Amino acid sequence: MAQENVAPRSRTDLFLSFTWLGLQGFGGVLAVVQREMVDRKQWMTLSEFAEEWALAQTLPGPNVVNLSVMFGGKHFGPTGALAAMSGLLLLPGLLMLAIVIGFQAFAHLPVVASALHGMGVAAAGMVMAAGWRFWPTVKQHPLGWPLGLAFAALSFALAALMHWPLAHVIGVVGLVSCGLTWRRLQNKDSA
Amino acid sequence: MNWSLWLELHLHFCMLSLLAVGGALAIVPEMHRYLVNDLQLLSETAFSQSVTLAQIAPGPNILLVAVMGWNIGLQAAGGFEAGGVAMVTGLLMALSLLTAAVLPSSLLSYFMVKWLHLHQHALSVRAFKAGMVPLVMGLMISAGWLLQTASNPQMDWRLLLLCVASMLIVLCTRVHLLWLMLGGALAGAALGL
């Protein structure tokens with residue numbers, strides 16, 4: 001626990017470290033980010049990491065990208081933020097395009113098309129599972145789980161079945177949900 | 001691809017960047033609505049391919065925006081048959097949309113982090129954080145559902161079963177995602193789905 005934090009040496013160090021981090025992240029990156037930043041690089045302690053990650057999740061935008069911007073910016077200002085973020089996106093992005101081009105070159109073959117269908121529904125199952133992972137949090141929701149679940153179901157109906165624009169879903173469901181949560185927490189705090 | 005359409009796409013993704021509470025997967029339903037249903041710049045197949053391939057490649061999920069940009073640019077310039085020009089257009093489109101999707105939220109993170117650090121226990125921040133969780137859950141399940149229907153437009157029951165199995169395996173075991181994708185690919189190819 002008495003770990004001395006090590007600061008990233010340079011912008012190049014940030015860029016390369018986040019490139020390496022991005023290249024290891026399949027599906028969820030959280031576990032990889034934690035292992036790299038806390039265990040291997042010792043840039044922060046585990047509790048510091050938990051706090052930074054919570055902040056990165058609160059803000060809109062991709063969580064890891066937010067974390068890289070926050071961390072790079074803390075140590076080297078705007079250029080540090082840029083170095084960390086571009087490390088995370090540049091090489092992994094090019095690798096991804098290479099994979100896409102590779103698949104598309106053979107996508108006209110029936111067997112590749114079938115494999116892509118199979119992978120597509122498998123990926124769909126993973127994404128649904130990622131959504132379902134929020135259930136324990138919704139179960140503990142300040143508004144109680146029935147209302148939490150109702151808001152989740154309502155956003156599903158509006159986004160997936162009725163194809164509402166996201167801005168409207170957030171404007172309606174998000175506003176009501178946050179408003180009610182705010183009132184509930186306020187009552188709890190004063191009680 | 002004309003300039004006004006490009007500008008509209010770019011600005012729309014800038015807005016999505018700021019609406020992406022919960023990360024990249026939470027804006028997948030919106031990208032489907034906007035790019036497939038409304039503007040018809042992507043087919044259902046190209047949409048499902050973009051999200052699927054982004055899952056098997058390493059890197060943050062937001063890179064799926066780059067894959068969509070690539071597909072939009074490539075198609076607009078005439079596809080692979082058009083050669084180098086189409087590939088350059090695809091590359092530029094990928095870069096443009098990815099930049100739009102990460103830059104506004106990154107600027108917000110950069111400038112908000114100090115404020116948020118000080119106020120993370122404030123009532124408004126806690127209410128926002130907790131209040132958005134059900135929404136994010138609903139949006140991510142929507143993303144999975146739309147991806148399922150895009151990959152399986154005929155609603156073949158075997159593919160539906162594969163989808164449910166994949167979800168349960170992720171929830172109940174610690175099998176690496178790449179094995180699941182490989183399993184999906186093999187099952188799809190073997191059954192000729």
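Two residues are in contact here if their C-beta atoms, placed from the backbone, lie within 7 Å. Keep that in mind for the views below, which all come from a predicted model.

**View 1. Helix 4 of chain A meets helix 5 of chain B.** Here's who touches whom. Helix 4 of chain A brings Val65(A), Asn66(A), Val69(A), Met70(A), Gly73(A), Ala81(A), Met85(A), Leu89(A), Gly93(A) and Leu97(A). Facing them from helix 5 of chain B are Ala94(B), Leu98(B), Val102(B), Ser105(B), Ser106(B), Ser109(B), Tyr110(B) and Val113(B). Sort the residues of this contact by class and you get 12 nonpolar, six polar and no charged.

**View 2. How the axes of helix 4 of chain A and helix 5 of chain B cross.** Helix 4 of chain A covers residues 63-106, and its axis comes within 11 Å of the axis of helix 5 of chain B. The two axes cross at roughly 160 degrees. Angles over 145 degrees count as roughly antiparallel, so helix 4 of chain A is roughly antiparallel to helix 5 of chain B. As for handedness, the crossing of these two helices is right-handed.

**View 3. The side of chain B that touches chain A.** Pull back to the whole interface and you'll find 93 residues of chain B in contact with 80 residues of chain A. On chain B, the elements giving two or more residues to this side are helix 1 (3-19), helix 2 (28-38), helix 3 (44-56), helix 4 (63-76), helix 5 (84-119), helix 6 (123-151), helix 7 (157-172) and helix 8 (177-191). Which of these helices gives the most? That's helix 6 of chain B, with 27 residues. By class, this side of chain B has 62 nonpolar, 27 polar and four charged residues.

**View 4. Chain B by itself, a chain of eight helices and zero strands.** Follow the sequence along and the pattern reads α-α-α-α-α-α-α-α. The C-alpha trace of chain B spans about 55 × 45 × 30 Å along its principal axes. Chain B has 193 residues, and 55% of them count as buried. Now take the contacts in chain B with a separation of 6 or more: residues 24 or more positions apart account for 61% of them.

**View 5. The two assigned domains of chain A.** The domain assignment gives domain 1 (1-109) and domain 2 (134-191) in chain A. How many Å separate their centres? Taken over C-alpha atoms, the centres of domain 1 and domain 2 of chain A are 30 Å apart.

Technical notes:
Residues are numbered from 1 along each chain as its sequence is written. Chains are lettered from A and ligands numbered from 1 in the order in which they are written. This is a predicted model: local features need pLDDT of at least 70, side-chain atom pairs count only at pLDDT 80 or more; totals for chains, interfaces and linings use all residues. Helices (H or I, at least four residues) and strands (E, at least two) are DSSP runs, numbered from the N terminus. Ala, Val, Leu, Ile, Met, Phe, Trp, Tyr, Cys and Pro count as nonpolar, Asp, Glu, Lys and Arg as charged, and the others, Gly among them, as polar. Domain bounds come from an automatic or database domain assignment. Axes are lines fitted to C-alpha atoms, for helices over the stretch in contact, and angles run from 0 to 180 degrees between N-to-C directions. Angles under 35 degrees count as roughly parallel, over 145 as roughly antiparallel, 65 to 115 as roughly perpendicular and the rest as oblique. A crossing is left-handed if the near helix is turned anticlockwise from the far one by less than a right angle, and right-handed if clockwise. A residue is buried if 20 or more other C-beta atoms lie within 10 Å of its own, exposed if 12 or fewer, and partly exposed in between; C-beta atoms are placed from the backbone.
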